[in-house]
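User: Hello! I am new to this structure and would love a close look at a single part of it. Could you walk me through it in one go?

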Amino acid sequence: MQERKVNGDPQTPAAESLAAVLTVIAEIFMIWCTIIAFVGGRVPIFGWEFEGSVGQGLVWLLFLSPLVGTIVYWAAIVLVAPVAYSEHHRRRSSPTHDDN
């Protein structure tokens with residue numbers, strides 16, 4: 001079986017799977033927080049309280065959502081990178097690895 005490569009780097013199935021799951025979780029979280037900003041409530045994890053209004057929803061969409069999205073993105077990289085590295089290292093050290 002030939003490895004898929006992106007920019008010359010082999011892709012690892014475990015890292016791809018973890019990244020996909022984290023992406024779905026992050027998107028659900030961001031949509032949930034956006035709804036909370038418009039209708040009111042407490043944002044999970046951060047504990048921010050919104051009374052709910054169009055103004056607060058727009059502030060969330062324009063300022064807070066990109067900030068929280070960036071934090072979630074960095075957290076995903078921190079979680080996925082060790083998995084990708086360990087799987088790549090394991091493949092490189094296996095005797096059946098072919099460098100074609």
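Which residues does Leu-79 touch, not counting residues up to four places away in sequence?

Analyst: Happy to help! Please keep in mind that this is a predicted model. Leaving out residues up to four places away in sequence, Leu-79 touches Leu-18 and Leu-22. Leu-79 itself sits in helix α2, a helix that covers residues 54–93. Both of its partners have numbers that fall in α1 (13–39). Another pair brings these stretches of chain together: the C-alpha atoms of Leu-79 and Ala-15 are separated by 9.2 Å, although the two residues are 64 residues apart along the chain. As for its surroundings, Leu-79 counts as partly exposed because its relative accessibility is 48%, and the cut-offs for that class are 20% and 50%.

To place this spot, let us step back to the whole protein. Its secondary structure comes to 2 helices and 4 strands, and from the N terminus on the elements run β-β-α-β-β-α. Contacts between residues far apart in sequence can be counted too: among contacts with a separation of 6 or more, 40% join residues 24 or more positions apart.

Now let us follow helix α2 to other residues. Ser-65 is also found in helix α2, but this residue counts as buried, because its relative accessibility is 16% and buried means under 20%. Not counting residues up to four places away in sequence, Ser-65 touches Met-30 and Trp-60. Trp-60 turns up again from the other helix: Thr-34, which lies in helix α1, touches Trp-60 and Leu-61 when residues up to four places away are set aside. Thr-34 is buried, with a relative accessible area of 17%.

Met-30 and Trp-60 also belong to the largest nonpolar core, which has 9 residues: Phe-29, Met-30, Cys-33, Ile-36, Ala-37, Val-43, Phe-50, Trp-60 and Val-68. The elements giving two or more residues to this core are α1 and α2, and the largest share, 5 residues, comes from α1. A broader tendency fits here: in soluble globular proteins, nonpolar side chains tend to be buried together. One core member, Ile-36, shows how the helix meets what follows it in the chain. Leaving aside neighbours within four places in sequence, Ile-36 is in contact with Gly-41, Arg-42, Val-43, Pro-44 and Phe-50, and of these Val-43 and Phe-50 are core members as well.

Just past Pro-44 comes Ile-45, found in the loop between β3 (41–42) and β4 (49–50). Ile-45 has a positive phi of about 75° although it is not a glycine. With a relative accessible area of 76%, Ile-45 is exposed.

Helix α2 has an outward-facing story too. Phe-63 is found in this helix and counts as exposed because its relative accessibility is 58%, where exposed means over 50%. Together with Val-54, Leu-58, Val-59, Leu-61 and Leu-62, Phe-63 makes a nonpolar surface patch of about 590 Å². Leu-61 of this patch is also one of the residues that Thr-34 touches.

Finally, here is how the protein looks as a whole. Of its 100 residues, 19% count as buried. The protein exposes about 7,300 Å², and carbon and sulfur atoms supply 66% of that area. So, back at your starting point, helix α2 holds residues of each class: Ser-65 is buried, Leu-79 is partly exposed and Phe-63 is exposed.

Notes: Residues numbered from 1 in each chain as written. Predicted model: local features only at pLDDT ≥ 70, side-chain atom pairs only at ≥ 80, totals over all residues. Heavy atoms only, no water. Patch = residues over 30% accessible without salt bridge, like charges linked within 9 Å, V, L, I, M, F, W, Y side chains within 5 Å. Areas by Shrake-Rupley, 256 points an atom, 1.4 Å probe, with all protein chains shown as cover. Salt bridge = Lys/Arg side-chain N within 4 Å of Asp/Glu carboxyl O. Buried < 20%, exposed > 50% of the residue type's maximum accessible area, 1.4 Å probe, protein only. Contact = heavy atoms within 4.5 Å. Core = buried A, V, L, I, M, F, W, Y, C linked by side-chain atoms within 4.5 Å.
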